[in-house]
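Colleague: I would like a close look at the cysteines in this model, and at how they sit in the chain around them. Please take the sulfur pairs before anything else.

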Amino acid sequence: MNVLVSSCFLLPTRYDGKAQDKPEMQAIINFLKEAGANVIPVCAEQLGGLSTPRLPAEISGNKVITINGEDVTKQFSAGASSVLKLCQELEVKVAIMKERSPSCGVNQIYDGTHSSSVVSGSGVTTKLLKENGVVIFTENDIEGIREYIWKQKI
């Protein structure tokens with residue numbers, strides 16, 4: 001089984017050029033590998049043509065806007081499409097995405113004001129993957145990931 005993972009959990013691909021240091025994610029990665037899964041790290045923002053580091057961006061209405069007001073919706077959409085294509089080509093059915101990210105947020109995203117306020121919603125990539133049948137987990141759902149993987153009988 002191929003499992004897509006937000007690359008910022010493993011590599012310095014976050015907007016600030018750092019990796020998202022979450023010890024629980026290492027436990028998830030180890031579990032996936034022990035279960036025989038192929039872990040596929042992906043950064044939709046890089047696939048969409050954005051550099052690392054890059055200005056922080058948030059979803060505001062139907063657009064993705066950086067902290068200095070630049071519209072990067074096109075890059076986020078292109079990255080999401082590239083990730084979907086990769087999932088289809090590699091038959092990825094499950095992904096673990098970074099909560100609150102404008103690309104990868106699953107249940108929450110920042111509200112578009114760059115004030116650290118959070119609202120319910122999904123990032124651009126996560127939304128597209130969900131619409132196309134990919135099962136999405138966050139880094140906060142370790143038990144859900146384990147249960148899903150065991151049910152799939154890798």
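Modeller: The model is a predicted one, and its disulfide count is 0. A disulfide is a covalent bond between the sulfur atoms of two cysteines. The cut-off used here for such a pair is 2.5 Å between the sulfur atoms. For Cys43, the closest cysteine sulfur belongs to Cys104 and lies 7.1 Å away, which is too far for a bond. Cys104 is likewise in no disulfide; its nearest cysteine sulfur is that of Cys8, at 6.4 Å.

Neither Cys43 nor Cys104 is exposed: Cys43 has a relative accessibility of 11% and counts as buried, and Cys104 is buried at 8%. The limit for that label is under 20% relative accessible area. Over the whole chain, buried residues account for 44% of the 154 residues.

Another cysteine, Cys87, appears among the contacts of Val92. Val92 is placed in the loop that runs between helix 3 (73–90) and strand 5 (94–97). Despite its place in a loop, Val92 is buried, with a relative accessible area of 4%. Leaving aside residues up to four places away in sequence, Val92 touches Asn2, Leu4, Ile40, Cys87 and Val134. Val3 also belongs in this picture: 89 residues separate Val3 from Val92 in sequence, yet their C-alpha atoms are 6.0 Å apart.

The chain as a whole gives the setting. Its 5 helices and 8 strands follow one another from the N terminus in the order β-α-β-α-β-β-α-β-β-β-α-β-α. Of the contacts between residues at least 6 apart in sequence, 65% join residues at least 24 apart. The radius of gyration is 15 Å, which agrees with the value near 15 Å for a compact globule of 154 residues. Along the principal axes, the C-alpha atoms fill a box of roughly 45 × 30 × 25 Å.

As for the surface, the accessible area of the chain is about 7900 Å², and carbon and sulfur atoms hold 48% of that. The chain carries 16 positive and 17 negative charges, and the mean positions of the two sets are 2 Å apart.

To return to the request: the chain has 0 disulfides, with Cys43 buried and Cys104 buried as well.

Notes. Residues numbered from 1 in each chain as written. Predicted model: local features only at pLDDT ≥ 70, side-chain atom pairs only at ≥ 80, totals over all residues. Heavy atoms only, no water. Buried < 20%, exposed > 50% of the residue type's maximum accessible area, 1.4 Å probe, protein only. Helix = DSSP H or I, 4+ residues; strand = E, 2+ residues; numbered from the N terminus. Rg over C-alpha atoms; globule rule 2.2 N^0.38 Å. Contact = heavy atoms within 4.5 Å. Areas by Shrake-Rupley, 256 points an atom, 1.4 Å probe, with all protein chains shown as cover. Lys, Arg positive; Asp, Glu negative; His and termini not counted. Charge placed at Lys NZ, Arg CZ, Asp CG, Glu CD.
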